[in-house]
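Hi there,

Here is the structure I promised to pass on to you. Have a look at it first, and my notes on what turned up follow underneath.

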Amino acid sequence: GLPSIWSTAEALSYADEVHAVLRGDNYQTFLNAMYGNQPAAWHDQLQGIERLRVVVNALTRLRFCTPEGEMEFAHHRGVDETPAGYVPWFDVPGRQTADHTVAFGHWSALKPLHRADVLELDTGCVWGRTLTFYELETGRRFSCDCSA
């Protein structure tokens, strides 16, 4: 997911920050402190591990958040079971990345959205459903069975 206040350029820049730490000499220190649910929202004053943790959580765990950007990590169901007070990250009003197609995964309970602004790719292969591929040049989706 992406916090609604991030532009596409900001999302890529924040991902680069995490990437640089993971490639650095102190990556193990980061990995040991990376897990956690706090802070639960992005703000520009975040620094150090808290900043990196929010970036990792947003890019890998964000499904639902408040319209103000507070992330919710307990629910893993589809949008038909959205927790009270939250919305799917891609439905936050004023989302800065709405003018770009954002491809994402790690939400196998999500049903196909058929939208131009998001491209959900996790179709539950790990649960025996299908593995989905997307061909950038043609915009075609392909799936193969994962029941075996």
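**Starting from S4**

S4 is buried, with a relative accessible area of 10%. Please keep in mind as you read that this is a predicted model. You will find S4 in the segment before α1. Leaving aside residues up to four places away in sequence, S4 touches V92, G94, R95 and Q96. One of those contacts, R95, comes back further down.

**Another buried residue, F104**

F104 belongs to strand β4, and at 9% relative accessibility it counts as buried. What does F104 touch, not counting residues up to four places away in sequence? The list is W89, F90, L110, L113, V118, L119, E120, L121 and D122. F104 also has a link to the start of the numbering: its C-alpha atom and that of G1 are separated by 6.9 Å, although the two residues are 103 residues apart along the chain.

**Helix α3**

Helix α3 covers residues 48–61. I checked its length against expectation: at 1.5 Å a residue, its 14 residues should span 20 Å, and the end C-alpha atoms are 19 Å apart, which agrees. Which residues of α3 are buried? They are R51, L52, R53, V54, V55, V56, N57 and A58. Two arginines, R51 and R53, are therefore on that list, since each falls under the 20% relative accessible area that defines buried. As for what they pack against, the buried residues of α3 meet α1 (8–23), α2 (27–34) and β2 (71–72).

**The small strands**

β2 also takes part in an open sheet of 3 strands, in the order β2-β1-β3 and with antiparallel pairing. The edge strands are β2 and β3 (87–88), each of which pairs on one side only. Between β1 (residues 64–65) and β2, the antiparallel pairing runs over 2 bridges. If you want a spot to zoom in on, C65 has M71 in β2 as its bridge partner.

**Salt bridges**

How many salt bridges does the structure hold? There are 7. As background, side chains of opposite charge can pair when their charged atoms come close.

The one between D117 and R95 is worth opening in your viewer: the N to O distance is 2.4 Å. This pair links distant parts of the chain, with D117 in the loop between β4 (102–104) and β5 (118–120) and R95 in the loop between β3 and β4, 22 residues apart. Are these two partners buried or exposed? D117 is buried, with a relative accessible area of 13%, and R95 counts as buried at 5%.

D117 has another salt-bridge partner in R115, at 2.9 Å from N to O. R115 counts as partly exposed, because its relative accessibility of 27% lies between the 20% and 50% cut-offs. Salt bridges that share partners join D91, R95, R115 and D117 into one network.

Elsewhere, R77 forms a salt bridge with E81, and their closest N and O atoms are 3.9 Å apart. E81 is partly exposed, with a relative accessible area of 43%.

**A nonpolar patch**

On the surface, L22, Y27 and L31 make a nonpolar patch of about 240 Å². L31 sits in helix α2 and is partly exposed, with a relative accessible area of 32%.

**Backbone details**

Three places in the backbone may catch your eye.

- Q38 and P39 are joined by a cis peptide bond, with omega about -5 degrees. P39 lies in the loop between α2 and α3.
- H106 is not a glycine, yet it has a positive phi of about 65 degrees. H106 is in the loop between β4 and β5 and is partly exposed, with a relative accessible area of 48%.
- H114 has a phi near 55 degrees, again a positive value in a residue other than glycine. H114 is found in the loop between β4 and β5, and with a relative accessible area of 73% it is exposed.

Happy browsing, and write back with any questions.

Best wishes

Note on methods: Residues are numbered from 1 along each chain as its sequence is written. This is a predicted model: local features need pLDDT of at least 70, side-chain atom pairs count only at pLDDT 80 or more; totals for chains, interfaces and linings use all residues. Side-chain values use heavy atoms; hydrogens and water are left out. Helices (H or I, at least four residues) and strands (E, at least two) are DSSP runs, numbered from the N terminus. The expected span of a helix is 1.5 Å times one less than its number of residues. Buried means under 20% relative accessible area, exposed over 50%, partly exposed in between (1.4 Å probe, protein chains only). Contact means heavy atoms within 4.5 Å. Two strands pair if DSSP finds at least two bridges between them. A salt bridge is a side-chain nitrogen of Lys or Arg within 4 Å of a carboxyl oxygen of Asp or Glu. Patches are made of residues with over 30% relative accessible area and no salt bridge: like charges are joined within 9 Å, nonpolar side chains (Val, Leu, Ile, Met, Phe, Trp, Tyr) within 5 Å. Accessible areas come from the Shrake-Rupley method with a 1.4 Å probe; for residues, only the protein chains shown count as cover.
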